[in-house]
Amino acid sequence: MCYPTPQELGLAARALADEHPGTVRLRQAGTSRAGRPLWVLSVAATGSAPRRAGRDVLVVAGAHANEPVGGATVLALARRLLRDPAPRAGCGWHFLLCADPDGADLHRTPRPYSLLDYHRNFFRPPGPEQPEWAPSLLPPDRLPPETLALTALIDELRPVLQVSLHATDLGGTWVQLTRDIPGLAEPFAKSAAELRIPVENGASDAAGWPSPGPGIFVIPQPGGEAAGAFHPEDTRLSTWYHAHRYAGSTAIVEVPMWASDLVDDPTPHPDPRRALRMLAERLTSDAALVAAVRGGGGTRADPLPYGDPAAAPLLRAVDWTLALIPRVAAEWTTAAPAEATAAYIASIDAFGRRLSLRAAAMLLRVLRTQGHPAAPGLDRLVTGWCEDFAARFGARWVPVATQVEHQSRTVLAAYDRLVAADRSA
C-alpha cells in the first residue's frame, strides 16, 4: 500500500461516488493557489428521521504536505462507513481529500524506504502558507484560498467534530484536542497496542498540556503557561478552533511513519535541564551549518534568491524554519523543567533533529537542481543526519495500512465518545 497523490485520491473518490450514487457525493469546495481543485467526498447520513443541525463530521487530510497518510485514511474511512453505516445514523461524514494539493505536489513520497528516501523530495511550506495555521499568522485579507475554502466548509457543515489527520516522520502516536473528549484514551491506547505503535506520552509540541490519558493532550486555554515555542500565541485563530463557533470540537490525530519506543518511555529522566541545554546547543550548531550554505558558504557572493519560481517555495520554507530555530532553542534553555520523563526528552530530541534536517533537505533540492558546488557537501550532511536519526531512535517502519487503520479507529472512537458524552450531558 502506497501513499496516494491528490490526483489518485480524486480518481478513487470519483469511482466511489459512481459506485454509490445517492449515498456518496464528490464536489469541489475550492481551488488552490495554483488552480488545483479541493475535493470533498461526502457520505450521507442514514435514517428516516430529519437530521439535526450540527451533527456532521468533517475529516481533513493533507493539511501538511509532508504527511501524506491522511489521504489514504479518508478513503478507508469512507469505505468503512459504507460497510458499517452505524456511525452515519443521523450524521453525514465529509472528507476534505487534500487541504494543500500544491504542497503535496512538491513533496513526493509514495513509498519511502528510509528516512533518507523520505527527505530526498521533502517539502513542508512555511507556517503562513499552511491552510490550518495561516489564520493564526496572517491578517484576514491575506489568507490563502485553501484556508478560505476550509473555513467556508466548516461554516457550511457546522460539524460536531472536526478531525485533522497528521503524521510524524519518526516517533509515536498522539492526539491533540481543542476540548476534552472523555473516554477517548482507552480505545486510542488499545488500538496503538494492538498495532504495535508506541504512544508518544511526552509529545514535544504538547509540553505541559492537560493530559487525560497517555498520548491524549488538551490544548490549554488562552493565557496558559504551556503555550511553548511550538505554537504562536494566537493558536485559537487556526482552523482547528473555527468549529467552536458552532459548539464543535477538533481532534488532531498523529501517527508515525517510523516508530520508536523511546517516545513511550515514562521513566524519569535523570537530568532534563542538562539534556535540554545540550539539545539546544546541537540544534543551534546544526542550524548554523545549514544557514552557512543558505547564505553562500563562501561559494557564491549572494544568498540564493527567490526569483526562480520552482525554487521559491522551498527557499521560503528553509528561511522560515531557520528563523524558527533560535526561538525553539531559547525555549528549551529558559523554560527547562526540573522534572521530565525520558519520553519527553526523546520527543524534544526528535523535534530538534527534524527541524535542521528538513531545512537542509529542502535547501539540497534547490542546490541539486541548480548544480550548485555546495550540493555534494550538503548531501553528505543530510545523509549522515538521516542515518544518525534512524539509529538513535531504533526506527522501524510502520506499514501504511497500519497507519491508516490506527487513524481510522481513532477517528471513529472520537466520534463515538463525543456522541456518548453529548447524550449523557
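**Strand pairing and helix packing in the predicted model**

Four bridges tie β2 to strand β4 (residues 93–96), and the two strands run antiparallel. One of the matched pairs here is Ser42 with His94, the latter being the bridge partner in β4. As this is a predicted model, everything described here is read from computed coordinates.

Strand β2 (residues 37–43) also pairs with β1. Strand β1 (residues 24–31) is joined to β2 by seven bridges, again in an antiparallel arrangement. Within this pairing, Arg27 finds its bridge partner in Val40 of β2. The two strands make up a hairpin, with five residues lying between them. Gly35 sits in that turn and takes a positive phi of about 90°. As for exposure, β2 is mostly covered, with five of its seven residues buried. In a regular strand, side chains point alternately to one face of the sheet and the other.

Turning to the helices, α9 (residues 312–334) and α10 (residues 342–370) bring their axes within 9 Å of each other, crossing at roughly 155°. That angle makes α9 roughly antiparallel to α10, since anything over 145 degrees counts as such. The crossing of α9 and α10 is left-handed. The residues of this contact divide into 16 nonpolar, three polar and one charged. On the α9 side, the contact residues are Leu314, Leu315, Ala317, Val318, Thr321, Leu322, Leu324, Ile325, Val328 and Trp332. Facing them from α10 are Ile348, Phe351, Gly352, Leu355, Ser356, Ala359, Met362, Leu363, Arg365 and Val366. Thr321 of α9, together with Gly352 and Ser356 of α10, accounts for the polar part of that list, while Arg365 is the charged residue.

A second helix pair is α8 (residues 272–294) with α11 (residues 375–393), whose axes come within 11 Å and cross at roughly 155°. Helices α8 and α11 are therefore roughly antiparallel to each other. Here too the crossing is left-handed. From α8, the residues Asp286, Leu289, Val290 and Val293 meet Leu378, Leu381 and Trp385 of α11. Sorted by type, the residues of this contact come out as six nonpolar, no polar and one charged. The charged one is Asp286, on the α8 side.

Two individual positions round off the picture. Ile197 lies in the loop between α7 (185–194) and β7 (216–218). Despite that loop setting, Ile197 is buried, because its relative accessible area is 4% and the cut-off for burial is under 20%. Leaving aside neighbours within four places in sequence, Ile197 is in contact with Thr173, Ala192, Val255, Pro256, Val398, Thr402 and His406. Met257 is 60 residues away from Ile197 along the chain, yet the C-alpha atoms of the two are separated by 9.9 Å.

Thr402, one of the contacts of Ile197, also serves as a reference point for Ala413. The C-alpha atoms of Ala413 and Thr402 are 16 Å apart, with 11 residues separating them along the chain. Ala413 belongs to helix α12 (residues 400–424). With 9% relative accessibility, Ala413 counts as buried. Not counting residues up to four places away in sequence, Ala413 touches Leu184 and Pro187.

Technical notes. Residues are numbered from 1 along each chain as its sequence is written. This is a predicted model: local features need pLDDT of at least 70, side-chain atom pairs count only at pLDDT 80 or more; totals for chains, interfaces and linings use all residues. Side-chain values use heavy atoms; hydrogens and water are left out. Axes are lines fitted to C-alpha atoms, for helices over the stretch in contact, and angles run from 0 to 180 degrees between N-to-C directions. Angles under 35 degrees count as roughly parallel, over 145 as roughly antiparallel, 65 to 115 as roughly perpendicular and the rest as oblique. A crossing is left-handed if the near helix is turned anticlockwise from the far one by less than a right angle, and right-handed if clockwise. Contact means heavy atoms within 4.5 Å. Buried means under 20% relative accessible area, exposed over 50%, partly exposed in between (1.4 Å probe, protein chains only). Two strands pair if DSSP finds at least two bridges between them.
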